[in-house]
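This briefing covers one protein model, grouped by topic. The sequence and the structure come first, and the notes follow.

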Amino acid sequence: MQTPFEIIREYAVESERLRRNFLKSRAADLERTAFDLARRLAAGGKILACGKGADDAAARMFVAGLVDVCVLERPALPAMALAAGCDFARQVRGLGAPGDVLVAVALADDPDVLAALEAGRERGLLTVGLCGQDSAPMARLCDRLLAARQPSPFFAREIHGVCLRLICRLTEHYLFEHAAALTAAHEDFDHAHP
């Protein structure tokens, strides 16, 4: 039987290994996702987020980081968590508009979260999904998919938390520390799509 300190030490080692491996392999995806969120916010869009159960808590923490202060003292960013217990797709259709972003957190394929992503696609939102394992249904509905690729829900949710905190921090970075990158990307987009 392990002692409490052995459990803590084992957790710390495994958690660090998983985070390091995930961030090493998915850093470009995180950066691109945050850049896309910042670009949409700079153009007047907003962020909607949803999840059920513990995933709802993760979505709400993400929104809190955007509305409140993540790292920088800055204005609140337009973001809201969809009401749990209500039809997510209906909320997306009522609140979402082209140029907005939907961030959906679902450890496993949840019909309500998948319906919200589908509604987001129909409304012209950028759809971002975080899932536990690779999810074919989410992949089909998401412009950006960040799969924790962890069979353990405990560690998958930890990876989701890291992703959401980094996306928040990088979004702040682009909006308030490196806004020139957004302007350059907008000009490049305009020239490529006259």
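**Two residues of helix α2**

Valine 67 counts as partly exposed because its relative accessibility is 36%, and partly exposed means between 20% and 50%. The model is a predicted one. The points below start with this residue and go on to a second position, the nonpolar cores and one further helix.

*Valine 67*

- Valine 67 is placed in helix α2.
- Not counting neighbours within four places in sequence, valine 67 is in contact with Arg74, Ala76, Leu77 and Ala79.
- Between the C-alpha atoms of valine 67 and glutamate 16 there are 28 Å, and the two residues are 51 residues apart along the chain.

*Aspartate 56*

- Helix α2 also holds aspartate 56.
- Aspartate 56 has a relative accessibility of 11%, so it counts as buried, the cut-off being under 20%.
- Residues up to four places away in sequence left aside, aspartate 56 touches Gly51, Leu82 and Ala84.

**Nonpolar cores**

- The largest nonpolar core consists of 38 residues, and Leu37, Ile47, Phe62, Val103 and Leu130 have the most contacts inside it.
- At least two residues of this core come from each of α1 (4-42), β1 (47-50), α2 (54-67), β2 (79-81), β3 (101-106), β4 (126-131), α6 (153-177) and α7 (179-192).
- Helix α6 supplies the largest share of this core, with 9 residues.
- Phenylalanine 62 is in contact with Leu37, Ile47, Ala49, Val103, Leu164, Ile167 and Cys168, leaving aside its neighbours within four places in sequence.
- Another core, of 20 residues, lies apart from the largest one; Leu48, Leu82, Ala89 and Leu102 are among its members.
- In soluble globular proteins, nonpolar side chains tend to be buried together.

**Helix α4**

- Helix α4 runs over residues 111-123, which makes 13 residues.
- From first C-alpha to last, α4 reaches 18 Å, close to the 18 Å expected at 1.5 Å a residue.
- Val113, Leu114, Ala116, Leu117, Ala119 and Gly120 are the buried residues of α4.
- In an α-helix there are 3.6 residues a turn, so residues three or four places apart point the same way.
- The elements against which the buried residues of α4 pack are β1, α3 (88-95), β3, β4 and α5 (136-141).
- At the N-terminal end, α4 is capped by aspartate 110, which has a side-chain oxygen 2.9 Å from the backbone nitrogen of aspartate 112.
- Glycine 124, just after α4, has a positive phi of about 85 degrees.

Note on methods. Residues are numbered from 1 along each chain as its sequence is written. This is a predicted model: local features need pLDDT of at least 70, side-chain atom pairs count only at pLDDT 80 or more; totals for chains, interfaces and linings use all residues. Side-chain values use heavy atoms; hydrogens and water are left out. A nonpolar core is a set of buried Ala, Val, Leu, Ile, Met, Phe, Trp, Tyr and Cys residues joined through side-chain atoms within 4.5 Å. Buried means under 20% relative accessible area, exposed over 50%, partly exposed in between (1.4 Å probe, protein chains only). Helices (H or I, at least four residues) and strands (E, at least two) are DSSP runs, numbered from the N terminus. Contact means heavy atoms within 4.5 Å. The expected span of a helix is 1.5 Å times one less than its number of residues. A polar contact is a pair of N or O atoms within 3.5 Å; within protein, one must be able to donate a hydrogen and the other to accept it, and residues adjacent in sequence count only if both atoms are side-chain atoms.
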